[in-house]
Amino acid sequence: MKTLPIIIFGIAVLAQWAAPLSQIWTHEQVLANGTLIKLKCGAPDPYDPLRGRYLALRPSQSEAPVPAGVELKEGMQAYAVLTTGADGFATVSTLSLTPPASGDYLRVKTGYVYNDKSRIDWPFDRFYLNENLAPEADKWFAENIRSAQGITAEVRVLKGRAVLADLSLDGKPFREILKARVK
Amino acid sequence: MNTSHQRWLLEQLPQWEREGLLTADAARTLRERNAVDESQPGLAQIVMGALGALLIGTGLIAVIGYNWDDFSRPVRLLFAFLPLLLTQLFSFRVLQRGAASSAWVRETAALLQTLATGACIALVSQIYNLGGEWPDFLFGWFMLSLPLVWVLRSHAVAIFYLIAIAIWSVNQVGHGRPWFDSPLLYPLLLLGLLPYWPGWKNQAALSISVRWAMTISAIFGFCSVAVFVSARGGDSYGYDDQSFLWLWTLTAAAFVLFPLNRNGIEEPTRRKPQVVLGSLWLLGYGVAATFHDVSEDILSGALHALRLPWCCGLLTVLVVFVLLAAARRRWAVLAIASVALLPLLSFPFAQHKDGYDGTLLSWLATLHLAVIGITLIVLEFAGKKGAPRLGALLLSVLIIARMADSHFSLLAKGVAFIGVGVAFLVFNILMSRLLKQKQATLV
């Protein structure tokens, strides 16, 4: 048996394990040690051919203030400083080019910048659902589209990274609500 | 002669020996000359192996897509890594057995491992609700699969890789992207297949399907680079289409002149997709350049393109390829490829105070294509390898193009078109008779 192909194969196998394991490690760290923040959002139901059905999250805050002196352009990486309001929901209070010394923050990509404001691309945009539950989520959104009800994204944040932990409605996991509707 | 022809010939030899058509010595010589390399997978084997692996792999992805959210995260992660581990062990076993493993088993193992890798990354991103763009996912997937092409020499994974890098490159055409996240990466990605390339440490010739996949991938990849580098500066978000059209033409010339070894040169043209597709583009471009207005656009596009570093790189590569082709006496491809360089010849004489006059380029293109057409016909009648029908077709298209661009009356144009049509049909009949006479002489 030739040595070189085996060495290359070994490196390939290691890389094939390392890529997903590094993702798992990073996200487990955020889930275990990150601060829980809540965001108001909407979530229609598209489909990914490789990863199945998911809810496309649209946090209700789509732009954030840019402080004077901070020069932001579209497509730049910025840090969104998070502030939790009296209602328990987090909002982006300001954007900066460097991570703040304290408090919770997220790494975001800036969109169109205008009038001291910038549109922001949130670092999470999908919540995967079982294919039996996804159509029920569609029905739920159709029924509640005119009501003031919005779902809450529960996000863990650590050192600028964010992991979407769950979606909830009035404190109940959205997935459980859908399961109850399917039964 | 390709493998299927060789197999057919080897099957006929015993019967021809029995019938006395061949002596035993002649049959042995033919067997030795046309020995089929059984380590190369047959088409049916590859298709069946690849189909099986594809079905299993897509089934796996569909099972993942169902989203087993009743199970805990660790159990679902086990679902992701178990198929990967099993396919890796299978591939290792195949690698260990070396030449004892048949070709289709090697193909199946490599494809299964590729699909299991994609499924694993997909499942992890599903479990952690990761967003991200699909091109990033595709990039990770094909990079992790590339070593399997090298070690298992899998044609199916090579084709997957070629398609994936082309899709990725086309998708990365966008303003303001850094070079390492743009189509400029494509040439490096294509180089990634180098150990698998023909001629690399005496590897066997590539199958026709891989050649076509490689050529089509390269067309999309290099054309997306040309578009990317032709981005207009400032606040404009457009691309200079006249520039990238000339860059595409230089790319086509490089394809046609791509260096080949002696065996490659002697193969029939239909087994060289880079020559077929490159020539088609160049001849079409040449005919377009015969139109006065188009030639002015070509000149202004070429002038803009010449300021781009990518264009300088392409021209350097072309010079090297031209020298190599001349050394191998590949005059036909050199003649066709030279169409791309006509704008350079026209520049010194075409400039005037308001811009460029396309008259010279238009006439140069007409003359050049006419010479190519006539040469292709004359070569055949001079007893050398020509392409008389292609030559006649080129001349006909050229006459039609010139007539369409002229200020003659409709009556004159109509008569000319009828004349060309009749001449083309008569030529076709003459060529058919000539071919029959040749065959009769051979019998």
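Start by selecting chain A and colouring it by secondary structure: there are three helices and 13 strands. Helices here are DSSP runs of H or I with at least four residues, strands are E runs of at least two, and both are numbered from the N terminus. What you have open is a predicted model, where local features need pLDDT of at least 70, side-chain atom pairs count only at pLDDT 80 or more, and totals for chains, interfaces and linings use all residues. Residues are numbered from 1 along each chain as its sequence is written, while chains are lettered from A and ligands numbered from 1 in the order in which they are written.

**Stop 1: all of chain A**

Turn chain A around: along its principal axes, the C-alpha trace spans about 70 × 55 × 30 Å. Of the 183 residues in chain A, 32% are buried. Buried means that 20 or more other C-beta atoms lie within 10 Å of a residue's own; exposed means 12 or fewer, partly exposed is in between, and the C-beta atoms are placed from the backbone.

Now colour by pLDDT, the predictor's confidence in each residue from 0 to 100. Chain A has a mean of 84, with 90% of its residues at 70 or more. Confidence in chain A is highest in α1(A), at 92, and lowest in strand β2 (residues 47–48), at a mean of 60. Where pLDDT is low, don't read the predicted coordinates in detail.

**Stop 2: two domains in chain A**

Select residues 1–33 of chain A, then 35–182: these are domain 1 and domain 2 in the domain assignment. Such bounds come from an automatic or database domain assignment. The C-alpha centres of these two domains of chain A are 30 Å apart. Each domain of chain A gives six residues to the contact. Two residues are in contact if their C-beta atoms, placed from the backbone, lie within 7 Å.

**Stop 3: strands and hairpins**

Pick out β6 (77–84) and β8 (105–114) in chain A, which pair in the antiparallel sense over five bridges. For strands to pair, DSSP must find at least two bridges between them. Which residue of β8(A) is the bridge partner of A:Ala78? Click on A:Val108 to see that partner.

Next, add β9 (117–121) of chain A, an antiparallel partner of β8(A) over four bridges. Here A:Lys109 stands opposite A:Asp121 in β9(A). β8(A) and β9(A) make a hairpin with two residues between them, and A:Asn115 in the turn has a positive phi of about 45°.

There's another hairpin to visit. β11 (151–158) of chain A pairs with β12(A) in the antiparallel sense over seven bridges. Look for A:Arg156, which stands opposite A:Val163 in β12(A). Two residues sit between β11(A) and β12(A), and A:Lys159 in that turn has a positive phi of about 50°.

**Stop 4: where the chains meet**

Show both chains. How many residues of chain A are in contact with chain B? There are 31, and they meet 31 residues of chain B. On the chain A side, the elements giving two or more residues are α1 (3–33), β10 (126–128) and β12 (161–169). α1(A) gives the most, with 14 residues.

**Stop 5: chain B and its helix α6**

Select chain B and you'll find 19 helices and two strands. Its C-alpha atoms fill a box of roughly 80 × 80 × 40 Å along the principal axes, and 37% of its 443 residues are buried.

Zoom in on α6 (134–152) of chain B. At 1.5 Å a residue, its 19 residues should span 27 Å, and its end C-alpha atoms are 27 Å apart, so the two agree. The expected span is 1.5 Å times one less than the number of residues. Buried residues of α6(B) include B:Trp141, B:Phe142 and B:Trp150. Their cover includes α1 of chain A, along with α4 (73–97), α5 (103–127) and α7 (155–171) of chain B. Just after α6(B), B:Arg153 takes a positive phi of about 45°.

**Last stop: B:Gly301**

Select B:Gly301, in helix α13 (292–305) of chain B. Is B:Gly301 buried or exposed? B:Gly301 counts as buried because 21 other C-beta atoms lie within 10 Å. Leaving out residues up to four places away in sequence, B:Gly301 touches B:Asp240, B:Gln242, B:Ser243, B:Leu245 and B:Trp246. Finally, draw a C-alpha to C-alpha distance from B:Gly301 to B:Thr29: they are 57 Å apart in space and 272 residues apart in sequence.
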